[in-house]
Amino acid sequence: MSIVTTASELEEAVAVRSSAYERHNAPGAAKLREAEADDSRPDVVVLIARQKLDGRAIGTIRVQPNFAEPMKFERSAPLPAHLKGRRGAELMRLGVANGTPGRMVTAALAKASYLICRKSGVEHIYVAGRRPVDAIYRSYQFDDLLDGRKVELSYAPGALHSILCLPVRDAEERWRTRNFGLYSFMVLTHHADIALDDQEIHRRLGS
């Protein structure tokens, strides 16, 4: 697991993302065969997970903060007043290659994203998820920001999405008391394969 820093690495991440979205018939999948403008923003982190055996790219996710501009989902679902002006980051474009242990790769991407957000002073992590993807984040103890209401997103038309939120300061306690297995994975276990360059994180997201 590492941060994408080169054009070739981004191509690999986009290929995994595109394949995953097309395989699941996700809205807007056809538009994801090429990198998006947000992939190259200087304040955005794209992660890539690789298979140990051969180094093949098998997973990716994008961490997109609101430091310079609003998060993408805010066009369809504005933030509640108590969350406006706070440091947030939206997790976007999760994709895992077919035939891989998807749950473990997804968990590793979630852990790396959480660590990046915590290191950079993000207060709230957000995701926009359609069924059944939203169930993944609910299992990570995200709150439903819209109390059950769903919205259509301009960048993912054709499906209704839930908007979910996890307060970073509460995450570890939620995992410890509600899902100790997840707490063990996310907090207690050191994963040497999650190699995050702190200097690169600071350069992009500050702290």
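In this predicted model, helices H4 and H5 are oblique to each other, since their axes cross at roughly 140° and angles count as roughly antiparallel only when over 145 degrees. The axes of H4, residues 168-178, and H5, residues 180-188, come within 6 Å. Besides this pair of helices, the backbone has a cis peptide bond before Pro 132 and positive phi values at Gln 141 and Asp 147.

**The contact of H4 with H5**
- From H4, the contact is made by Glu 172, Trp 175, Arg 176 and Arg 178, while H5 brings Phe 180, Leu 182, Tyr 183, Met 186 and Val 187.
- Sorted by character, the residues of this contact comprise six nonpolar and three charged ones, with no polar residue.

**A cis peptide bond**
- Most residues other than glycine have a negative phi, and most peptide bonds are trans.
- The bond that leads from Arg 131 to Pro 132 is cis, its omega being near 0°, and Pro 132 itself sits in the loop that runs between strand E5 (124-129) and helix H3 (133-139).

**Positive phi outside glycine**
- Gln 141, which is not a glycine, has a positive phi of about 70°, and its place is the loop between H3 and strand E6 (143-144).
- With a relative accessible area of 15%, Gln 141 is buried, because that value falls under the 20% cut-off.
- Asp 147 is likewise a residue other than glycine with a positive phi, here near 50°, and it is found in the loop between E6 and strand E7 (151-153).
- Asp 147 is exposed, with a relative accessible area of 72%, which is over the 50% cut-off.

Definitions and conventions:
Residues numbered from 1 in each chain as written. Predicted model: local features only at pLDDT ≥ 70, side-chain atom pairs only at ≥ 80, totals over all residues. Heavy atoms only, no water. Helix = DSSP H or I, 4+ residues; strand = E, 2+ residues; numbered from the N terminus. Buried < 20%, exposed > 50% of the residue type's maximum accessible area, 1.4 Å probe, protein only. Axes fitted to C-alpha atoms, helices over the stretch in contact; angles between N-to-C directions. Parallel < 35°, antiparallel > 145°, perpendicular 65-115°, else oblique. Contact = heavy atoms within 4.5 Å. Nonpolar A, V, L, I, M, F, W, Y, C, P; charged D, E, K, R; others polar.
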